[in-house]
Amino acid sequence: MLRQTRSVFQKLRCLRGQQRTWRLKSTSATEAALQYQPGQKVHGFTVREVVAVPDLFLTAVKLTHDKTGAQYLHAARDDSNNLFSVQFRTTPMDSTGVPHILEHTVLCGSEKYPCRDPFFKMLNRSLSTFMNAFTASDYTMYPFSTQNAKDFQNLLSVYLDAVFFPCLREQDFWQEGWRLENENPTDPSSPLVFKGVVFNEMKGAFSDSERLYAQHLQNKLHPDHTYSVVSGGEPLAIPDLTWEQLKQFHATHYHPSNARFFTYGDLPLENHLKQIQEEALSRFDRIDPNTEVPSQPHWTSPREDHVTCCPDALSPDPTKQNTLCVSYLLGDITDTFEGFTLSLLSSLMISGPNSPFYKSLIEPKIGTDFSSVVGYDGSTKEASFSIGLQGIAEEDTERVKEIINQTISDIIENGFEEERIEALLHKLEIQIKHQSTNFGLSLASYIASSWNHDGDPVELLRISESVAKFRQALKENPRFLQDKVKHYFKENTHRLTLSMSPEDAYLEKQAKAEEEKLHKKIEVLSDSDRKEIYEKGLELLAAQSKTQDASCLPALRVSDIEPTIPITPLEMSLTGGVPVQYCEQPTNGLVYFRAMCSLNSLPDNLKPYVPLFCSVITKMGCGDLDYRQQAQQMELRTGGMSVSTQVIPDSTQLDTFEQGILLSSSCLERNLPHMFELWSEIFNRPHFNDEERLRVLVMSSAQELANGISHSGHMYAMIRAGRHLTAAGDLQETFGGMEQVKFMKRIAEMSDLTQVIRTLPRIKKHLLNPASMRCAVNATPQKMSDAEAQLESFLKDVAANRKEHKRVREDIISKPLDPQDASGGSRNLVSEQHFQPCQMKTYFEMPFPVNFVSETVRTVPFSHQDYASLCILARMMTAKFLHGEIREKGGAYGGGARMGGVGLFYFYSYRDPNSVQTLSAFHKGVDWAKSGCFTQQDIDEAKLSIFSTVDSPVAPADKGMLSFLSGITDEMKQSHRQRLFAVSHKQLVEVAERYFTVGQKMFGVTILGPENETIKKDPSWLVL
Ligand SMILES: [Zn+2]
């Protein structure tokens, strides 16, 4: 084989080499942390324990704060993506959403940083790789991560001040929690309505039936303490919360004595401790927070309950919309080994087509899929296990209960095959070795629940000890798992059977309940109360409209951003006649394989089936393996094998794009031959004929798509709005838009799938074809030539599939994969140079009470000189204008603007009480940009924010992928970087005028939302 390395990389690689030598000389973070001694005092803390965790390449240091009792865990690891998190045990006893509203309100300004919304402002003054806050059922967590040491200090200062010394102004409570306000705040005669960010967020959240069901299940399985209430807030209970109660909850829960700090990464622990002590903890004394959650008293007999939800117009079969599930209360999660065992047991019971519950519940096709809550859940003090189905007919509910009981008895009788247990432990090994970019955040969430109830977080990290103990337990008692099933399921009287069914008048009833609540609040108001409400509304509006002085906040400068990017060395070569990209990476003993297969010869009428083809091709069986055996082999030998659709825009021409599917898989180095053998069988002898199997897969895909709309509605709106704007837009809608949702619903409703079964092999012939394929391998340098040899033999095995198909279209152009070398293979792109965009306004009537709004504008591709300006413009418009209009004033959960790689500029809103008003907010945003009323500071902040995305860490598995898929090389990325740095005030005003002027701009609009009278009357809208 022939490998070529571009000369430009040779030079840059030397630089990298130097860096590496320098790094090796300094002591690594893990070694440095091993120097701490138990009992040692550091900045007000005492070291309790120092433990090396070689599995995860880290050293854990556990400390407590002397004066307050605050707990601290540091995980030292040679990873520059450092993380901080602080979590408080927040255990509400009512459903007013007090912990959730508090989570929002502490981010509205603090003692040292009194400006409004420092959190959102820091997004633009930092290079953070992650910033957020979460409210769980029993804790609230504030994490951030960054690769820059100065930035870490800045963010830590803002976070500490926010949680320990927030302003908690009454106005913040109104804005974030709830308030009564005139519908139009400037018109005192307009009706009074409820407003507030959390109020709307929770209305949106509970319009999702899956979320609603999960909430009911938790509340009813743990009925005696904090888990019986809604920590996020029950929309109609939120207006019972007062500002005083909020402040009280803060004083008792956000205290160091009730806090757990976690830091992760390669920055020195000592600096973190010093800053935390000086800026926060030294100002507190110890209290007894009294936030422990008592154990749930066990029931002496099982219980049953029933709830209702909104009917789902998109569900595959409208007569089958019931959910039923049985939930069992298990043991305390602080028992680490028991929790480990039960979560493995849960996977054995429900994961994959070989599991007993998949066989007994999914395959008979009684429902569309498992219930939204399924398996082991360790997020409450006592864990639970749930099993059930969604999408079932009412008359089948008894049958489902019987099957669940019977399956449990069968498991106790028969146990599990040894090979399945091995497959599961193999999966765990891969998960531990796989290098993710947000490892610190994963660790923080992994330990959060158990630690919250005083479990030992270090014990949780020592996973291989649990694995060894598990193997030992199985060896000593072959019925170890069966005994657990008997104890926790068969003999457990603390179990709840919860069913949910749709109710036609559900939305109506909810609206009526809200009206009644509103009426009760309003009827007691005097004239002077009303006057006060009106005035407060105006005050809030004025405060929201005032230009903000954020100068109190710390900030990085544009000059702190690295001027150049590190180069990823890639090598292109032809292996077995197929172009292959090789990328050497520290992958921890894993090999990552991808293949991109072109769609260019596929007839247009088959295209809607491609997503279905992708989701079933690795799940129907192949060669001598039926689908169960195939699934078993995939679990035993690989880290997963999947296929997805790809519509990839060209970086230089707007109406040029590549269409294809991407095959992805990974495996441990020792399993390379097995992984490629599985792919060979999929190429050579895939199974398509099992109609029963296909129906199961079709139903679960259709259900998944229908369920996804209520949480990704803005994505569907954006894709649809761009449908007629570029040549690729229509295919994007076909593959991943509302059209695909409707298409899959139709397929799921077909009584006979013969026609689909005949279609899949035709698609396979066009797509799994080495003649129009390219591959990529990421592996360690030591393993690369082995990987290459294995790939070569795979390509030999599938050579018979090589066919030169006639292209269906004439407008195909070729681009070399390696711009320096045209002989190494090419990408074949569709190029519609005469494409005519057209404007459409589409409204989808949906069964939810909130809207998802998008206006999408046709602009320019990645390499165009205006592209960088449009990226900065989108970011700046979001932070400086749209956020205030759409979220703060409009009450939507989110909204803004974003420049997309497909050459489209998107405006969008998320879970939005407004529809047409939001469209006019978008237009006002454009006017604001054109007016040029923004400062250099605003531009610099937008640049920082954009660079924190551009420079976000890339995992070893994904290095080189942008180049492989889109042909965007490191040189092109570097030019884009330089253009971003150079964007000026003048350019921003110019692009706003050039692309967004009415009459000139080419745009599409889409809204997903409830029935809307204004739009129905407007003939310019297409209502679906
Ligand atoms: Zn929230």
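1. Histidine 100 and histidine 104 are both buried. The model is predicted. These two histidines are four residues apart in helix H3 (residues 98–105), so about one helical turn separates them.

2. Both histidines serve the zinc ion. His100 and His104 each coordinate through NE2, and Glu201 contributes OE twice. The coordination distances run from 2.1 to 2.6 Å. Along the chain, the donors follow the spacing H-x3-H-x96-E.

3. What is the geometry of the zinc site? The site is irregular, with angles of 54 to 151 degrees among the four donor atoms. A tetrahedral label would need all angles between 85 and 135 degrees, so the site does not qualify.

4. Next, the aromatic pairs. The structure holds 42 of them. One of these joins phenylalanine 593 and phenylalanine 676. The pair is edge-to-face, at 5.0 Å centre to centre and 75 degrees between the planes. Phenylalanine 593 sits in strand E20 (residues 590–598) and phenylalanine 676 in helix H23 (residues 672–684), so the pair ties together parts 83 residues apart in sequence.

5. Are the two phenylalanines of this pair buried or exposed? Phenylalanine 593 counts as buried because its relative accessibility is 1%. Phenylalanine 676 has 4% relative accessibility, so this residue also counts as buried.

6. Two charged side chains sit over rings. Arginine 898 lies over the face of tyrosine 908, 5.1 Å from the ring centre. Lysine 1001 places its charged end over the ring of phenylalanine 1003, at 4.6 Å from the centre.

7. Glutamate 941 belongs to helix H31 (residues 936–950). At 5% relative accessibility, glutamate 941 counts as buried, because the cut-off is under 20%. Which residues does glutamate 941 touch, leaving aside those up to four places away in sequence? The contacts are Asn124, Arg125 and Lys880.

8. Tyrosine 506 lies in helix H19 (residues 506–523). Its relative accessible area is 11%, so tyrosine 506 is buried. Residues up to four places away in sequence aside, tyrosine 506 touches Leu212, Thr308, Cys309 and Cys310.

9. A distance to check in the viewer: tyrosine 506 to glutamine 629. The C-alpha atoms of these residues are 44 Å apart in space. In sequence, tyrosine 506 and glutamine 629 are 123 residues apart.

Conventions:
Residues are numbered from 1 along each chain as its sequence is written. This is a predicted model: local features need pLDDT of at least 70, side-chain atom pairs count only at pLDDT 80 or more; totals for chains, interfaces and linings use all residues. Side-chain values use heavy atoms; hydrogens and water are left out. Donors are N, O and S atoms within 2.8 Å of the metal (3.2 Å for Na, K and Ca); water is not among the atoms, so sites may look incomplete. Four donors count as tetrahedral if all angles lie between 85 and 135 degrees; four count as square planar and six as octahedral if opposite donors are over 155 degrees apart and all others between 65 and 115; anything else is irregular. Buried means under 20% relative accessible area, exposed over 50%, partly exposed in between (1.4 Å probe, protein chains only). Contact means heavy atoms within 4.5 Å. Rings of Phe, Tyr and Trp (its six-membered ring) pair if their centres lie within 6.5 Å; planes under 30 degrees apart count as stacked, over 60 as edge-to-face and the rest as tilted. A charge sits over a ring if NZ of Lys or CZ of Arg is within 6 Å of the ring centre and within 35 degrees of the ring normal.
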